[in-house]
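I opened my notebook to jot down what I looked up in this structure. The entries follow the order in which I went through things.

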Amino acid sequence: MGDDGNRGYGHRSFSRSRSHFRDRITADGRDGWPVEAGRYRLVVSRACPWASRAVISRRLLGLEEALSMAVADPIQDDRSWRFTLDPGGRDPVLGIRFLSEAYEKRERDHPGGVSVPAVVDVPSGRLVTNDYQRITLDLATEWTALHRAGAPDLYPDGRREEIDEVMAEVYEDVNNGVYRAGFATHQEEYDKACAGVFRRLELLGERLSGQRYLVGDTLTEADIRLFTTLVRFDAVYHGHFKCNRWKLAEHPVLWAYARDLFQTPGFGDTVDFDHIKRHYYQVHSGINPTGIVPLGPDLAGWLSPHGRAELGGRPFGDGTPPGPVPPGERVAPRGRPA
């Protein structure tokens, strides 16, 4: 954040900074951070689409016991993501009030701000990585020794080139495109970004009209990355970010695809619409200065039949769905469809 903090959204050109802390946690520990059960803590916000990727991946892979998770308050202030949802306003494992404290332990006066997802080394309290593009790929490929029995292969070796290509297009035009539209400071900038969002969504709709998932016949990292934007589309991007050529619920293919994923264990059971709406409408005060959070949209449609199973596909490949959500990680009822 700049000096103007949350008020600056919509008043300065948008540019997503590259992750500054890009160390990797790997099976061989080549960056000094070996995969180890119980050593690291994943810090997320359920409001953030980039962090939600990691929440979904962790659950699908069954890493809940190996990698603990801290959930930040969706209302961040100018001091960064905060742990005001926890007793005493401190994360019970790391003992800190703000995620920025872990960043500062790693590097004082670091560039790039404080972002989620972030992985923190519990013994030292130091940030390990905030590389949102790499964290989930490493959970899928480097943490395999700690995966649950029946965990899906979210980044299959034989499909990686195609997955990478699809993810790059989704990132540029959809994941990041909605932000470029929402934070645009002049009409031409907005027009270009918004047109790019819907052009790519139409192409994705064509791709998904004849296949259940983006790549192959099973869930992959590509589906996770598209889902975290689609699930927020009507709730925040359509109105708050002015991506309003049409609603997700008005596109038969993408709406059915999103509902299919939402109803798949590991996806919808991680989504908190209350956190999502309050974060966008109350934090981005430069765009929404009143801080009013809209009542809609009606969330009941997320649980309606989708018909996508007729396309075939095996969500978890040769594996199995994840088990029940751990009690301490269940989403509050007000954050789920009625």
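**Entry 1: the sheet**

In what order do the 4 strands of the open sheet run? I should say up front that I'm working with a predicted model. I read off the order 2-1-3-4, and I noted that the pairing is mixed. As a reminder to myself: strands of a sheet pair through backbone hydrogen bonds, either parallel or antiparallel.

Next I checked the edges. Strand 2 (68–71) and strand 4 (126–129) sit there, and each has a single partner strand, so one side of each has no neighbour in the sheet. I also looked up the twist: on average, neighbouring strands of this sheet are turned by 35° against each other, direction ignored.

**Entry 2: what packs on it**

I then went looking for a helix on the sheet. Helix 1 (residues 49–61) packs there and touches strand 1 (40–44) and strand 2. I wrote down the angle as well: the direction of helix 1 makes about 130° with that of strand 1.

**Entry 3: the hairpin**

How do strand 3 and strand 4 pair, parallel or antiparallel? I found that strand 3 (residues 118–121) pairs with strand 4 in the antiparallel sense, over 3 bridges. I picked out one residue, V120, and its bridge partner in strand 4 is L127. The two strands, 3 and 4, form a hairpin with 4 residues between them. In the turn I spotted G125, which has a positive phi of about 75°.

**Entry 4: the annotated stretch**

I looked at the UniProt record too. Its unreviewed entry lists residues 130–283 as "domain: GST C-terminal". In the model, I see that this span is 60% helix and 0% strand. The C-alpha atoms at the two ends of residues 130–283 lie 21 Å apart.

**Entry 5: a pocket**

I moved on to empty space. Rolling a probe the size of a water molecule over the atoms shows where empty space is left. I noted about 290 Å³ of space in the second largest pocket. I found 19 residues lining this pocket, and R46, V71, L85, G328 and R330 lie nearest its centre. Strand 2 and helix 9 (273–283) each supply at least two residues of that lining. I sorted the pocket lining by class: 7 nonpolar, 2 polar and 10 charged residues.

**Entry 6: the cavities**

How many cavities of 30 Å³ or more turn up in the whole structure? I got 3.

The largest cavity has a volume of about 110 Å³. It is lined by 13 residues, with I25, V119, T129, I135 and D138 nearest its centre. Helix 3 (residues 132–141) gives the most to this lining, with 4 residues. By class I have 6 nonpolar, 1 polar and 6 charged residues for the largest cavity.

The second largest cavity comes to about 60 Å³. Which helix gives the largest share of its lining? I found that helix 1 does, with 3 residues. Among the residues lining the second largest cavity I noted R46, M69 and D269. Its lining divides into 4 nonpolar, 1 polar and 6 charged residues. One link I liked: R46 lines the second largest cavity, and R46 is also in the lining of the second largest pocket.

Conventions
Residues numbered from 1 in each chain as written. Predicted model: local features only at pLDDT ≥ 70, side-chain atom pairs only at ≥ 80, totals over all residues. Heavy atoms only, no water. UniProt positions renumbered as here; feature names shortened; annotations may be inferred. Pairing = 2+ DSSP bridges. Axes fitted to C-alpha atoms, helices over the stretch in contact; angles between N-to-C directions. Contact = heavy atoms within 4.5 Å. 1 Å grid on protein atoms, 1.4 Å probe; cavity = no way out; pocket = protein on both sides within 12 Å on 5 of 7 lines; lining within 4 Å. Points joined across faces, edges and corners; volume = space filled by probe spheres on them. Nonpolar A, V, L, I, M, F, W, Y, C, P; charged D, E, K, R; others polar.
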